Amino acid sequence: MKRFIKTVRISSILLLFMPAVLTAQQDSTYWNLRNCIDYALKNNISVKQARIKPQLTETNYQQARSALFPSLNASMSESYTHQKDLQPATGTTSSEQSYTGNYSLRSDVTLFNGFKVQNNIRQQQLYLQSDELSVKVEENNIEIAVTQAYLQILSAGEALKQAQQTLESTEALLERTKNLWEAGSLAESDYAAIKSQYSSDKYNLVVARNAFEQSLINIKLLLEIDVSTPFQLYIPDIGDQQATTLLPDKNSVFQTSLKVMPEISISNTGIRTAELDYNMARADYFPTLSLNAGISSGYSSINKDIYVTQLDNNFYQNAGLTLTIPIFNKWQAHQ
């Protein structure tokens, strides 16, 4: 949260003067903060992965809703039977073969099971909401990361500029000191000290340049662009008016973040899903009432009636209610 507040306060400075910069910017090879954030939100892999998860959760939600509907199953079997039949009177055997077929259609629907189905639907809906909020979290995270990387480039660029100016100043001082030393107006130790300072400033310039190049690589990685791609950052000028503009105080930013940050909503959603988990577990204490119905028919080659007549004579219909009362379930629902 502290990192978020700090980034919001710093990026607010940039956004104060960014609109004027956007209208003046014509060269697409230059990147400003808004360009970087929009590009990252569109192309960053982490954001893309976060956007896929709600699509998978939507499937689970639809499956949970489908549990409210009755099931319907059809079955068909055809069989061949061959057996030997012993005739006790004659002591002889004869073989007998037959063909049989059975066809059925059955439907079942759960009328009551302790509201487990309804609670599961609500829970899957909350999971879906949580995953959608997670997309917002990932988008916020990448926006903060890009903003920090952008500020790091600005800071590294300023440090590089200062290092270059310092080296130029030291180089001029070294040239002047050398002339004084050669003229005998300066001790060799003083000249050596300036030479040492010049070497140190050259080293500092290399370090500053490497830090600047590394900051460019960091933002390229966030934007998912090749590190060899030319990248020019637009560095705006901050006037006195922008620099002196008052920013919101910490408490105001904190209170606002509690209302708008998706992490807070995700935490609240997690509490509600846990409560539904508890309710679904308690549902195992309640009886289950289900309604079932079915029709079936069949035929046999042993029967001399024709096929259609047998199907009509064997046509069977049934419907009923089933009540299952839990008595002992091996403490699966034990609190």
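Start by selecting Tyr39 in this predicted model. Tyr39 has a relative accessible area of 31%, so the residue is classed as partly exposed. Now add Trp31, whose relative accessible area is 15%. Trp31 is buried because that value is under the 20% cut-off.

Show the rings of both residues. Trp31 and Tyr39 make an aromatic pair of the edge-to-face kind, with 5.2 Å from centre to centre and 85° between the planes. Extend the selection to Phe231: together with Trp31 and Tyr39, Phe231 forms one aromatic cluster.

Go next to Phe112 and Phe115. Their rings also pair edge-to-face, at 5.2 Å centre to centre, and the planes lie at 90°. Are these two residues buried, partly exposed or exposed? Phe112 has 29% relative accessibility and counts as partly exposed. Phe115, at 49%, counts as partly exposed too, because exposed requires a value over 50%. The count of aromatic pairs in the model comes to 7.

Now select helix α8, residues 262-282, and pick out Thr269 within the helix. Thr269 is buried, because its relative accessibility is 6%. Which residues does Thr269 touch, once its neighbours within four places in sequence are set aside? The contacts are Leu126, Ser130 and Leu133; display their side chains with Thr269 to see the arrangement.

For a view of the surface, select Leu323, Ile325, Ile327, Phe328 and Trp331. These residues make a nonpolar surface patch of about 680 Å². Within the patch, centre on Ile325, which is located in the segment after β6 (316-324). Ile325 has a relative accessible area of 53% and is therefore exposed.

Finally, colour the chain by pLDDT. The average for the protein chain is 85, and 85% of the residues score at least 70. Which elements mark the two ends of the range of mean pLDDT? Strand β5, residues 288-300, has the highest mean, 95. Helix α1, residues 2-24, has the lowest, 41. Select residues 1-28 as the last stop: pLDDT is below 50 over this stretch. Beyond near neighbours in sequence, residues 1-28 nevertheless have 44 contacts in the model.

Methods. Residues numbered from 1 in each chain as written. Predicted model: local features only at pLDDT ≥ 70, side-chain atom pairs only at ≥ 80, totals over all residues. Heavy atoms only, no water. Helix = DSSP H or I, 4+ residues; strand = E, 2+ residues; numbered from the N terminus. Buried < 20%, exposed > 50% of the residue type's maximum accessible area, 1.4 Å probe, protein only. Contact = heavy atoms within 4.5 Å. Patch = residues over 30% accessible without salt bridge, like charges linked within 9 Å, V, L, I, M, F, W, Y side chains within 5 Å. Areas by Shrake-Rupley, 256 points an atom, 1.4 Å probe, with all protein chains shown as cover. Salt bridge = Lys/Arg side-chain N within 4 Å of Asp/Glu carboxyl O. pLDDT = per-residue confidence, 0-100. Phe/Tyr/Trp six-rings, centres within 6.5 Å; stacked < 30°, edge-to-face > 60°.
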